[in-house]
Amino acid sequence: MVEDILDKKKNGVMFSYEDIRSIVDGYVSGEVSDDDMREFVMYVYENELSFSEINYLTDVMIKSGEVIDLSSLGKVCVDKHSSGGIGDKITLIVSPIVASLGVCVPKMSGRGLGITGGTADKLESIPGFKINMSRKSFMKALDEASVCVISQSEKIAVADKKIYALRNEIGAVDSTALIASSIMSKKIASGADKIVIDLKVGNGAFMKDLKSASKLAKTMIEIGKYYDRKVVCVLSDMNVPLGYNIGNALEVKEAIDFFDGVYEKRLYFLVVYLSSIMVSLGKGICFRSAKKLVVDAIDSGLARHKFYEWIKYQGGKISKFKVDADSVKVLSDVSGYINSIDAQGIGKLVFDLGGGRVKKEDSIDYGVGVSLKKTVGEKVVKGEVLCEIFYNKKVRGMEKRALDAFVIGKKKRKEKSVVIKTIK
Ligand code: URA
């Protein structure tokens, strides 16, 4: 059946809704084999699809599982999604900030795949944190705390879960049609009618260049319109890791530090930017007014209070939280200015230390990672500490790999903003 549909397409006939439905539903039910699905996915990966075909794929994936109705909450809900990056702990920080301002944040978060980390894994590094919750408990948490982050339910966008694992296995990830339908099927099924997507661009992201990221953003916005959802895409830089820490527990530690007033400047900028967009959408106010509320919530401790309330609500015991690993410091062998830090290089190192997984069943080591002690634009003197590697099992050449990720020049390079552009 898959072969016939692909033959038809190769002869210039567009996929019909029924073609895509029969392949995707057949895969979920087991009638379509992994091999046939691989062929379909590879075809889409290599040839791309028209907008109508992407819409069909998204619709079929939405209908492959449950669709959550958040209207009974009677609250404005704004969802946020990241397309995946290195050191991306944004959800841990933005969600309580936005919730502290009365905008509800219902979040379904994924696990790390490839070298990009997943929020669900990061939160599970906090002892006791419950990431798997029933729909009833999810709704109760949103009602009482206005923020709840759960892992992708077995019941939501079921086809996406299955297809995503297959894509990861065959390396068919960076495709507009596949990413747009994957992200948007989950977002539409999760129920929020306002969605902010942090679309990462650079060597540590799936979208390596601005052109392909912009195309993806426009496709997701169009899908949103079809379902009457407002989608805003923020294209942000992922050539350099975000913040100081990369690794599950280390990133939770950085979120704690953030609310204690210690933050890396690019991270702070992106947090304030994304939170302000979410608050402006949620409250129907302009970006400037929303930004003022966001900065006040951070400075006054209101957001910090919500962060601890949220973690406790989901069972997390911050008092028992620790970064469980040995560490070694990496020193600079030259003096100069940090012009760049290779996100992909650091991401791969953390992955090899045990911080990521290839298959979804793989276990990960929460304690491992890299903590940057210098960031882009800073001056460094030979012998100074550039970063600290947290490990439980040494990886051959790990210090050299971390050192090589730092691009140090004689002159200070003009710094680029972490936010590249916003597409609405
Ligand atoms: N995030 C998703 O949810 N799906 C993709 O395909 C890529 C990133």
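Visitor: Which residue with a positive phi follows helix 5?

Guide: Happy to start there, with the reminder that this is a predicted model. Helix 5 covers residues 90-100. After helix 5 comes a residue whose phi is positive, near 85°, and that residue is Gly102.

Visitor: How many residues of helix 5 are buried?

Guide: Buried here means under 20% relative accessible area. The buried residues of helix 5 include Ile90, Leu92, Ser95, Pro96 and Ser100. Helix 5 is largely enclosed by the rest of the structure, because the buried count is eleven of the eleven residues.

Visitor: Are helix 5 and helix 12 roughly parallel or oblique to each other?

Guide: Let's take the geometry step by step. Helix 12 spans residues 265-283, and its axis lies 9 Å from that of helix 5, with a packing angle of about 45°. Angles under 35 degrees would count as roughly parallel. Helix 5 and helix 12 are therefore oblique.

Visitor: Which residues of helix 5 meet helix 12, and what is the handedness of the crossing?

Guide: On the helix 12 side, the residues involved are Leu267, Leu270, Val271, Leu274, Ser275, Met278 and Val279. Their counterparts in helix 5 are Ile90, Ile93, Val94, Ile97 and Val98. As helix 5 passes helix 12, the crossing is right-handed.

Visitor: Now to the sheet: which strands stand at its edges?

Guide: The sheet is open and has four strands, paired antiparallel in the order 6-9-11-7. An edge strand here has a single partner strand, so one side of it is left without a neighbour in the sheet. That describes strand 6 (245-246) and strand 7 (326-331).

Visitor: Which helix packs on this sheet?

Guide: The helix in question touches strand 6, strand 9 and strand 11. Its direction makes about 140° with that of strand 9. It spans residues 343-355 and is helix 15.

Visitor: Which residue in strand 11 stands opposite Gly369?

Guide: Strand 9 (residues 369-372) pairs with strand 11 (residues 385-391) in the antiparallel sense, over four bridges. Across from Gly369, the residue in strand 11 is Phe390.

Visitor: How many disulfides does a search of the whole structure find?

Guide: A disulfide needs two cysteine sulfur atoms within 2.5 Å. For Cys77, the nearest cysteine sulfur is that of Cys104, 3.8 Å away, and Cys77 is in no disulfide. Over the whole structure, the number of disulfides found is zero.

Visitor: Is Cys77 buried or exposed?

Guide: Cys286 makes a useful companion here: it is partly exposed, with a relative accessible area of 43%. Cys77 has a relative accessible area of 4%. With under 20% counting as buried, Cys77 is buried.

Technical notes:
Residues numbered from 1 in each chain as written. Predicted model: local features only at pLDDT ≥ 70, side-chain atom pairs only at ≥ 80, totals over all residues. Heavy atoms only, no water. Pairing = 2+ DSSP bridges. Helix = DSSP H or I, 4+ residues; strand = E, 2+ residues; numbered from the N terminus. Contact = heavy atoms within 4.5 Å. Axes fitted to C-alpha atoms, helices over the stretch in contact; angles between N-to-C directions. Buried < 20%, exposed > 50% of the residue type's maximum accessible area, 1.4 Å probe, protein only. Parallel < 35°, antiparallel > 145°, perpendicular 65-115°, else oblique. Left-handed = near helix turned anticlockwise from the far one by under 90°.
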